[in-house]
Amino acid sequence: FSHIAQVSWEPQGSNRTGYSTLLFQPLDNMNSSLNRSRVEAPDFRPFQPIVSTIDSNDGDTPNPTRRVPPDDRRKKGLFNQRHHIHIAQLNCRTLNSLNSRKEIVVHLEKFNIPICSIQEHRFLHNANDPEIIAQPLNRYTLFTASAWKAANNATIGGVGIIIRTDLLPILSSVRKISNRIIIAEFRGNPKSSIISCYSPHSGYDEKDIERFYTEMRNLVLTIPSHSFLAICGDFNARITGNFSYHSICNQNGDYLQEFIAEFNLFSTNTSFKKRTSSLWTWKSPTGDLSQIDYILCRKKWRNTIHDSQAHSSSDPIGSDHRIVVTKCKLSLRAPKTNRQKALNWKELADPTTANSINENLSVNWENCTDKSYKSFTVQCINTAKTVLPNKERNVSIEPESVAKARTEVLNAPLEDVSSKQQHLKATHYQEEETRINIILDEFDKSKSTNSSKNAWKLVKELSGKKKPSTCFISGDDRLKTWKDHFQKLLNNVTTDENELFDPQQIFELNENISTGDFTMTEIESAIK
């Protein structure tokens, strides 16, 4: 739009054509600068911030604050009164393997699950890593707290939460409470809090179990009673109820039922009458079935929960647990909204399309009586909608062998699920090997044709390095991070004697500098 804006918008006075170029550049380009500091400032946000707008600038001059136009598609909160939202809980056993990460994304996308609490991801963070690490998973972002080492030096445990990318703008924070508890908080009306937890099993010392529930009590007490609260976790507990899978509690079940009664909670996946096959969540190595994974909510929001049960559709992920999904919907009147589809701005690279928009925008601007800046932006957007096509959604094509192996897992009898999961895992690694070989062949072709740009693109694709992982920091940790950053920036004392120099020893200062007009001799010298 830079050349279009220059033709259609020519304010009198100073030259402001560069502003229009800035207006339509992506946020990544606007944040970049040739005069960047050598020490990069810390990044607290796993998403691109939404820039607030002001409506006071409605004169005949361009926006002096260079603010981004408002986005009407901005999400107002976690809940949408028009549609259901699904909250899931799964002990994935591990996400270190390639097939488990791919399969959990496929499952969440297929069943439209924007939030999933996970346990036992088994990612061990380094000593200098922050408490919460975020890493991309296709259209999702995985937030994890570190796993820990067992007595035999095996990596076990680890809690996390998977959040769909379109929910990140309303994500307030993700905080680690302990090794077994993290909480994600969302803005909106109502404010929402999702807790992911992993209780010690009955084999642990009773003090460890009591410590876990003490930490849970202290956390729940800090959450306002009017906020929506969902506690998702593997509690290793058998509880009783009208529609529970068990009729007798175990030790952890007694602790959990006491916790539920204390805070006026209810278990969503024991509140609906279901078949027995839709209740159990874990199959032990001996073949026994148990219901130990739960999603707890406050009774105040009981009417918001429309359904909850366990599904065997998560078997391809490779876990011996089944996913528990709760369907929520606020019982409020939905506001009327006008949904806007994203435009394919890449079509502006076509000269024909660019000229067409230029001509239409020039005609519309001449016929427009309101010459304010706000009217100009409206004309630009309306003209683009009439010429540019809608942006197509990127759909990844899955290999037929993987889809076939996944179908075999879903259709397999209960006793054959484990062997089919191993076959699916081997199929994923075989297809990944094929993909890597194809990339290496393309890299050889790029090398022979001296196409360095394509070669670097293939290297990034092969290494999986896109954007650095970031974490969301708030409160005192945020202030401490900024303090450490500026201490490093301003108090960096060098010990290398070679770097200590006197500028006058290297650069001779010429005090006889002419301040008059340039002479022809100086101009010819500069051209040479």
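Cys 328 is buried in this predicted model, its relative accessibility coming out at 0%. The closest cysteine sulfur belongs to Cys 297 and lies 5.9 Å from the sulfur of Cys 328. With a disulfide needing the two sulfur atoms within 2.5 Å, that gap is too far for a bond. Cys 249 has a bit of access to the outside: its relative accessible area is 22%, so it falls just into the partly exposed class, given that buried stops at under 20%. The disulfide count for the model is zero.

Turning to the strands, β4 spans residues 140–145 and is mostly covered, with six of its six residues buried. Its side chains split between two directions: Tyr 140, Leu 142 and Thr 144 go one way, while Thr 141, Phe 143 and Ala 145 go the other. That is the pattern to expect, because side chains in a regular strand alternate between the two faces of the sheet. Here, both sets are buried.

β4 has pairing partners in β3 and β7. With β3 (residues 132–137), the pairing is antiparallel and runs over six bridges; within it, Ile 132 sits opposite Ala 145 of β4. The β3–β4 connection is a hairpin with two residues in between, and one residue of the turn, Asn 138, takes a positive phi of about 60°. With β7 (residues 159–164), β4 again pairs in the antiparallel sense, this time over five bridges. Thr 144 of β4 has Gly 160 of β7 as its bridge partner.

Conventions: Residues are numbered from 1 along each chain as its sequence is written. This is a predicted model: local features need pLDDT of at least 70, side-chain atom pairs count only at pLDDT 80 or more; totals for chains, interfaces and linings use all residues. Side-chain values use heavy atoms; hydrogens and water are left out. Buried means under 20% relative accessible area, exposed over 50%, partly exposed in between (1.4 Å probe, protein chains only). Helices (H or I, at least four residues) and strands (E, at least two) are DSSP runs, numbered from the N terminus. Two strands pair if DSSP finds at least two bridges between them.
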